[in-house]
Amino acid sequence: MTKNVILTAGLAAICQAYVASSHQLNNSLTAANATDHFLVTCGEADNHHLFVQINDLKVVDGRQFNVIVVKDKALSSITNVDGKSSPGIRVAGGTGVYQVYVSQTATDDKAANYQLIFHCEDAGNMHFDTSVYTKIDQP
């Protein structure tokens, strides 16, 4: 009985740690004028900001990805200028829904694949529950 309680508590701790860890979304863009639009929700009362970073999953040409994050009057943007990974940004918008837009700098016949990393955090950068909804997914 004691082993079952310890095992259950251990699994619960692991699951909780997974929920609180960073989130990532893999997607692609082909057309130069295409933009993906995501709604990221930070629902915990002590949420301070949304952390965002973008990575090029397969650098095949000179394209770069741009990310714009908007929440109320807070706005920030990043580009993966080295063609690989962008620096991380923190958009201090508190609790609620953040608008996240991903676009690219050029077009090609092949899709460019990216990984969007995002997570809600408190002022001390402790991860909170994060959810995402894909509003627009363009080719």
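In this predicted model, a disulfide joins Cys42 to Cys120, with a distance of 1.9 Å from S to S. Because a disulfide is assigned to a pair of cysteine sulfur atoms within 2.5 Å, this pair qualifies, and the count by this rule comes to one disulfide. The torsion about the S-S bond of Cys42 and Cys120 is about -80°, and the disulfide is therefore left-handed. The link connects distant parts of the chain: Cys42 belongs to strand β2 (residues 35–42), whereas Cys120 belongs to strand β8, and the two cysteines are 78 residues apart. Both Cys42 and Cys120 are buried, each having under 20% relative accessible area.

The strand that carries Cys120 also takes part in a sheet. Strand β8 (residues 112–121) pairs with strand β3 (residues 49–56) in the antiparallel sense, and eight bridges are found between them. Within this arrangement, Leu50 stands opposite Cys120 of β8. Cys120 thus appears in two descriptions of the model, as a partner of Cys42 in the disulfide and as the residue facing Leu50.

The sheet as a whole is open and consists of four strands in the order β1-β8-β3-β6, with antiparallel pairing. Strands β1 (23–29) and β6 (89–91) stand at the edges; each has a single partner strand, so one side of each is left without a neighbour in the sheet. Neighbouring strands of this sheet are turned against each other by 25° on average, direction ignored. In the strand order, β8 lies between β1 and β3, while β3 lies between β8 and β6.

Definitions and conventions
Residues are numbered from 1 along each chain as its sequence is written. This is a predicted model: local features need pLDDT of at least 70, side-chain atom pairs count only at pLDDT 80 or more; totals for chains, interfaces and linings use all residues. Side-chain values use heavy atoms; hydrogens and water are left out. Two strands pair if DSSP finds at least two bridges between them. Axes are lines fitted to C-alpha atoms, for helices over the stretch in contact, and angles run from 0 to 180 degrees between N-to-C directions. Buried means under 20% relative accessible area, exposed over 50%, partly exposed in between (1.4 Å probe, protein chains only).
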